[in-house]
Amino acid sequence: MAFPLIVRNPSTFHTHQFTASSSFRTKSLSLLNFAKMEGSEITEQVTGKVVEDDDLILKKKVFVAGATGSTGKRIVEQLLAKGFAVKAGVRDLEKARTSFSSTNPSLQFVKVDVTEGSDKLAEAIGDDTEAVVCATGFRPGWDLLAPWKVDNFGTVNLVEACRKVNVNRFILISSILVNGAAMGQLLNPAYIFLNVFGLTLVAKLQAENHIRKSGINYTIIRPGGLKNDPPTGNIVMEPEDTLYEGSISRDQVAEVAVESLAYPESAYKVVEIVARPDAPKRAYHDLFGSIVQR
């Protein structure tokens, strides 16, 4: 069953088609809600349908893991700006509250640690969540197992938690060059550097493989080098194992993650993204639609 989501702004109307999965149909959200993730203390929030004139604005709840990270925070902000409800998964509730100036009632903080197993994560995600965005990442240090704890086991825990609560949409922020060995990029300085800290890219690739075998509707986003600066070029999107250099603003990575929730063309795909000043600006329908999954 497909139904239109009509998002209204003062000048234009945009209509996207969402296909309702069986889990979607069985959940009694008063026409749905989006949210983020990062914690294990659970607080309940009720969100429902909002009717403005004759336009129905549907809110889905999206759970965002790593919501206070540099990319995760941008994902949360963009989801809220588009009218979604966000369940922000965080390890530190106080840090989360100071990180976000918004008092938006659609923003809910949940204390969670992705390394603590899928049961706690399933409780945090809850049965009112329709999608999970994973924007976690380990912090470089002397613990060489950290990439595996966070980027591998943590992501796997999230996927298994989704299966336990029947969440069938998963967005992962990964990285280009995760499959660098197969691409002949073993001597690429970026591949070498990123694997210095406990084989980070190998850990990410193993997590990606788990997602792809899980049966969950996924979009795996592999950005190039992440920049905190505002965008300076247009997005270039390529199939998996194509890009081995380039960079992109975190703002654009967040945008791709949020837009992937709206376009069915992004389903069951791995996409690689960078930004280039000379690249033409393309609609997301075309960007995602141009990717043929291998």
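In the predicted model, the buried residues of α8 are Arg-250, Gln-252, Val-253, Ala-254, Val-256, Ala-257, Val-258, Glu-259 and Ser-260. Nine of the 11 residues of this helix are therefore buried, and α8 is largely enclosed by the rest of the structure. The buried set is chemically mixed: Arg-250 and Glu-259 belong to it alongside Val-253, Val-256 and Val-258. The N-terminal end of α8 is capped by Ser-249. A side-chain oxygen of Ser-249 lies 3.1 Å from the backbone nitrogen of Asp-251.

The nonpolar interior was examined next. In soluble globular proteins, nonpolar side chains tend to be buried together. Here the largest nonpolar core has 40 residues. Val-64, Ile-75 and Leu-79 make the most contacts inside this core. Helix α8, spanning residues 250-260, supplies the largest share, five residues. A second core is separate from the first and has 24 residues. Among them are Ala-124, Val-165, Leu-172 and Ile-216.

Ala-124, a member of the second core, also takes part in a polar contact. Its backbone oxygen is reached by the side chain of Lys-87 at 3.2 Å. Lys-87 lies in strand β6, residues 85-90. Lys-87 has a relative accessibility of 3%, and so counts as buried, the cut-off being under 20%.

A related arrangement involves Thr-129. This residue lies in the loop between α4 (118-125) and β8 (131-134). Its relative accessible area is 0%, so Thr-129 is buried. The side chain of Thr-129 reaches the backbone oxygen of Ile-125 at 2.6 Å.

Empty space was then mapped. Rolling a probe the size of a water molecule over the atoms shows where such space is left. The largest pocket has a volume of about 1,200 Å³. Its lining comprises 45 residues. Thr-136, Gly-137, Phe-138, Asp-151 and Lys-204 lie nearest the centre of the pocket. By residue class, the lining divides into 18 nonpolar, 15 polar and 12 charged. Five elements each supply at least two lining residues: α2 (70-81), α5 (146-164), α6 (189-196), α7 (200-213) and β11 (225-227). Of these, α5 gives the most, with four residues.

Enclosed space was treated separately. Two cavities of 30 Å³ or more were counted. The largest cavity holds about 60 Å³ of space. Its lining consists of Cys-134, Thr-136, Asp-151, Thr-155, Leu-172, Ile-173, Ser-174 and Lys-204. Helix α5 and strand β9 (169-173) are the elements that give two or more residues to this lining. The lining divides into three nonpolar, three polar and two charged residues. Thr-136, Asp-151 and Lys-204 line the largest cavity and are also among the residues nearest the centre of the largest pocket. Leu-172 lines the cavity and belongs to the second core.

Helix α5 also contains Lys-149. Lys-149 has a relative accessible area of 36% and is partly exposed. The C-alpha atoms of Lys-149 and Glu-116 are separated by 9.5 Å. Along the chain, Lys-149 and Glu-116 are 33 residues apart.

Aromatic contacts complete the survey. The structure holds three aromatic pairs. In one of them, Phe-100 and Phe-109, the ring centres are 5.8 Å apart. The planes of Phe-100 and Phe-109 meet at 45°, so this pair is tilted. Both Phe-100 and Phe-109 are buried. Another pair, formed by Tyr-218 and Tyr-268, is edge-to-face. Its rings lie 5.7 Å centre to centre, with 85° between the planes. This pair links distant parts of the chain, its two residues being 50 residues apart. Tyr-218 belongs to strand β10, residues 217-223. Tyr-268 sits in the loop between α8 and β14 (269-276). The two tyrosines also have separate accessibility classes: Tyr-218 is buried, with a relative accessible area of 6%, whereas Tyr-268 is partly exposed, at 39%.

Note on methods:
Residues numbered from 1 in each chain as written. Predicted model: local features only at pLDDT ≥ 70, side-chain atom pairs only at ≥ 80, totals over all residues. Heavy atoms only, no water. 1 Å grid on protein atoms, 1.4 Å probe; cavity = no way out; pocket = protein on both sides within 12 Å on 5 of 7 lines; lining within 4 Å. Points joined across faces, edges and corners; volume = space filled by probe spheres on them. Nonpolar A, V, L, I, M, F, W, Y, C, P; charged D, E, K, R; others polar. Core = buried A, V, L, I, M, F, W, Y, C linked by side-chain atoms within 4.5 Å. Buried < 20%, exposed > 50% of the residue type's maximum accessible area, 1.4 Å probe, protein only. Polar contact = N/O pair within 3.5 Å; in protein donor to acceptor, adjacent residues only side chain to side chain. Phe/Tyr/Trp six-rings, centres within 6.5 Å; stacked < 30°, edge-to-face > 60°.
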